[in-house]
Amino acid sequence: PSGLRPSGLRPSGLRPSGLRPSGLRRAAASSAARTRLYNTAFSSDLTGPGRGNPDGKQKPQGDAKVAPLFVSVDDHIEIKAPLDDIDVNAPPAEPEAQVPWLPAGVRIPELTADEEAKLAEGGAVMRQTRTRGSGEGFVVMELGVPPEEAWLYLSDYKGYVDFISTVREALIQPPRRSAVRGQVATPATFKLSRFRLKVNVVLRQDDTRWNIGFDLDPECKNLVLSRASGFWQLQPYVPESAQRERGGGAAAGGPPGVGATRTRVWLWANVEASALLPNMIVDYAAARAFKRATQWIRPTIEGTEEEDLV
């Protein structure tokens, strides 16, 4: 019987090598891994950088609809959404306008009328949310100097030891080219507070937009923090009264820095402490972090007394 069956018709010959069960299993495993990656990175229940469902699964509650997901299929990305959420007759969404003085992807919070009034009076505004071991928030204050002058201090990383009381040591590495066009990435090691907590970060500096982003350095161990990201941002600002006197003039939404007589300094951060850190130290640092990180700005750059954040 074996002699009557041509070799080209053997069962093994009918099954191309690309369709071997082992090959199918590997392809399925690879596709599943990519699906988990996209679900985790782009799921709609993200609440901050690096967050998401670690198992890549959406967890709707009650009758809540499953939010749209990005799902990887082989080398393509498809958008999966509930059919009743899709309006085929809806006009295409207008692209969100980019503020000229902000880097792409960076957004700052919208202030309330009371917060705007506080800044106009020379105060500082802070919002902060804290849970056990993690926190997120921002501080903003307005200075009576142009952004070019404030940038000299903010971009002087070695000078942080002299400017910022909570920075006890600073080791700044040579800068390297960033993956983002227009940015320079600088690895740095800071020892913070009287506990001399060691933190390794990468500072991403954009001189054209007066922005310094920071994240934990993935190439170094960080025993103190499990997550830390944020940015410093200078906002060129022209008061409305000055705009009226000029007959319009350049405002905060105009070309970066043109005609700006004042500067708003923003610090935004999202931080999670390591589980190895004692709760006492976490609570101590969290209660003082934003104040210690910004109380140097006004006396150093503007030469006036620091603002007491409450």
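This is a short tour of a predicted model, stop by stop, with something to select at each one.

**Before you click**

Residues are numbered from 1 along each chain as its sequence is written, and side-chain values use heavy atoms, with hydrogens and water left out. Because the model is predicted, local features need pLDDT of at least 70 and side-chain atom pairs count only at pLDDT 80 or more, while totals for chains, interfaces and linings use all residues.

**Stop 1: the whole chain**

Show everything as a cartoon. You should find eight helices and eleven strands; these are DSSP runs numbered from the N terminus, with helices (H or I) of at least four residues and strands (E) of at least two. Of the chain's 310 residues, 36% count as buried. Here buried means under 20% relative accessible area, exposed means over 50%, and partly exposed is in between, using a 1.4 Å probe and protein chains only. About 19000 Å² of the chain is exposed, and carbon and sulfur atoms supply 55% of that; the areas come from the Shrake-Rupley method with a 1.4 Å probe, and for residues only the protein chains shown count as cover.

Now colour by pLDDT, the predictor's confidence in each residue, from 0 to 100. The average is 73, and 60% of the residues score at least 70. Select residues 4-83: pLDDT stays under 50 there, and the model has 72 contacts beyond four places in sequence for this stretch. A contact is heavy atoms within 4.5 Å. Residues 249-255 are also below 50, with 13 contacts beyond near neighbours in sequence.

**Stop 2: the largest core**

Which residues touch the most other members of the largest nonpolar core? Select Leu 154, Tyr 160, Phe 190, Leu 203, Ile 212, Trp 232 and Ile 297, out of 40 residues in that core. A nonpolar core is a set of buried Ala, Val, Leu, Ile, Met, Phe, Trp, Tyr and Cys residues joined through side-chain atoms within 4.5 Å.

Zoom in on Tyr 160. Leaving aside neighbours within four places in sequence, Tyr 160 is in contact with Tyr 153, Leu 154, Val 167, Phe 190, Ile 212 and Trp 232. Apart from this core lies another, of eleven residues, including Leu 119, Val 125, Trp 266 and Trp 268.

**Stop 3: helix H4**

Select residues 147-154, which make up helix H4, and pick out its buried residues: Pro 147, Ala 150, Trp 151 and Leu 154. Look down the axis of H4: these buried residues fall within an arc of 105°, so they line one face of the helix. The arc is that of the directions from the helix axis to the C-beta atoms. What do the buried residues of H4 pack against? Add helix H5 (160-163), strands S8 (197-206), S9 (211-216), S10 (225-237) and S11 (262-273), and helix H8 (297-302).

**Stop 4: Gln 233**

Stay with strand S10, where Gln 233 lies. Is Gln 233 buried or exposed? Buried, with a relative accessible area of 0%. The side chain of Gln 233 makes a polar contact of 2.8 Å with the side chain of Asn 211. For a polar contact, a pair of N or O atoms must be within 3.5 Å; within protein, one must be able to donate a hydrogen and the other to accept it, and residues adjacent in sequence count only if both atoms are side-chain atoms. Also, a polar atom of the Gln 233 side chain lies 2.8 Å from the backbone oxygen of Arg 209.

**Stop 5: strand S7 and the loop after it**

Go to Thr 189 in strand S7. Thr 189 counts as buried at 16% relative accessibility, and a polar contact of 2.7 Å joins its side chain to that of Asn 200.

In the loop between S7 (184-192) and S8, select Ser 193. Its phi is near 65°, a positive value in a residue other than glycine, and Ser 193 is buried at 12% relative accessibility. Arg 196 lies in the loop between S7 and S8 too. The phi of Arg 196 is near 50°, again positive in a residue other than glycine, but Arg 196 is partly exposed at 44%.

**Stop 6: Pro 109**

Finish at Pro 109, in the loop between strand S2 (76-80) and helix H3 (113-120). Pro 109 is partly exposed, with a relative accessible area of 24%. Not counting residues up to four places away in sequence, Pro 109 touches Arg 127, Phe 138 and Trp 266.
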